[in-house]
Amino acid sequence: MRALVLMGSPRKKGNTAALLAPFCGELEAAGLETETVWLYERDIRPCTACRRCQEDWTVFGCPQIDGVQELFDQILTCELLLLATPIYSWYCTPPMKALLDRLVYGMNKFYGKERGPSLWAGKSLALLLTCGYRPEKGADLFEEGMRRYCKHSGLRDLGSHTERHLGYDTVFMDREKEIRVRTFARRLAAAL
């Protein structure tokens, strides 16, 4: 089985990356292959609402030539899709938001002359988040948005794990966070 991590952080050694390392280690110990895609390194253009993706129900179908077709192909071959992102202004980072907009149209053939299928229905999705506010006040809007996104797309929502950073002059990662993120990873592996 395969887990695809879409990493929304611009920082390779930031807080979200610190959480991701033990998380992926735990998934790999459970027998999953993991691959991480750093979205800030990809060319991900915003959706232009042209709806050309709705013309063929068997392909992604977006006419933009960028890095999203490759991500579409990778998503279709994974069992678990993990969105790992810091929360900026109560939502995910810009490249992740642009990708989510493109995927909701390209994967879901709901917006043409007739309603078609969801090409990724049944895939499992989970969130790994970091934020500066208490999670219930910092990550709640993105979590709710993604619950609705999953329901709309027919994805299995496996939940979310959020850790708070108390400030730039404090150490983010500690043993308690590591234990919690490893527990979350084991729960996800068991749910697959």
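In this predicted model, helix H1, which spans residues 15-29, packs against helix H6, residues 175-191, at an angle of about 40°, with the two axes 8 Å apart. Since angles under 35 degrees count as roughly parallel and those of 65 to 115 as roughly perpendicular, H1 and H6 are therefore oblique to each other, and their crossing is right-handed. On the H1 side the contact is formed by Leu19, Pro22, Phe23, Glu26 and Leu27, which meet Lys177, Glu178, Val181, Arg182, Phe184, Ala185, Arg186, Leu188 and Ala189 of H6. Sorted by class, the residues of this contact comprise nine nonpolar and five charged ones, with no polar residue.

A second helix pair can be read in the same terms. H2 and H3 pack at an angle of about 65°, their axes being 11 Å apart, and because 65 to 115 degrees is the range for roughly perpendicular, H2 is placed in that class relative to H3. The crossing of H2 and H3 is again right-handed. From H2 come Val68, Leu71, Phe72, Ile75 and Leu76, and from H3 come Leu99, Arg102, Leu103 and Met107; by class, this contact of H2 with H3 has eight nonpolar residues, one charged residue and no polar one.

From the helix pairs we turn to the interior. In soluble globular proteins, nonpolar side chains tend to be buried together. Here the largest nonpolar core has 34 residues, and Leu6, Leu81, Leu83 and Phe142 are those with the most contacts inside it. Strand S1 (2-7), helix H2 (68-76), strand S3 (80-86), helix H3 (94-107), strand S4 (124-131) and helix H5 (140-153) each supply at least two residues of this core, and H3 gives the most, with seven residues. Apart from this core lies another, of 23 residues, which includes Val5, Leu80, Ala126 and Phe172.

Two of the leucines named above show how the largest core is joined up. Leaving aside residues up to four places away in sequence, Leu6 touches Val37, Leu39, Leu71, Ile75, Leu81, Leu82, Leu83, Ala84, Met96 and Leu99. Leu83, which lies in strand S3, has a relative accessible area of 1%, and because buried means under 20%, this residue counts as buried. With the same sequence neighbours left out, Leu83 touches Leu6, Met96, Leu100, Leu125, Ala126, Leu127, Leu128, Leu129, Phe142 and Met146. One of these partners, Ala126, is 43 residues from Leu83 in sequence, yet their C-alpha atoms are 6.4 Å apart in space.

Note on methods: Residues numbered from 1 in each chain as written. Predicted model: local features only at pLDDT ≥ 70, side-chain atom pairs only at ≥ 80, totals over all residues. Heavy atoms only, no water. Core = buried A, V, L, I, M, F, W, Y, C linked by side-chain atoms within 4.5 Å. Buried < 20%, exposed > 50% of the residue type's maximum accessible area, 1.4 Å probe, protein only. Helix = DSSP H or I, 4+ residues; strand = E, 2+ residues; numbered from the N terminus. Contact = heavy atoms within 4.5 Å. Axes fitted to C-alpha atoms, helices over the stretch in contact; angles between N-to-C directions. Parallel < 35°, antiparallel > 145°, perpendicular 65-115°, else oblique. Left-handed = near helix turned anticlockwise from the far one by under 90°. Nonpolar A, V, L, I, M, F, W, Y, C, P; charged D, E, K, R; others polar.
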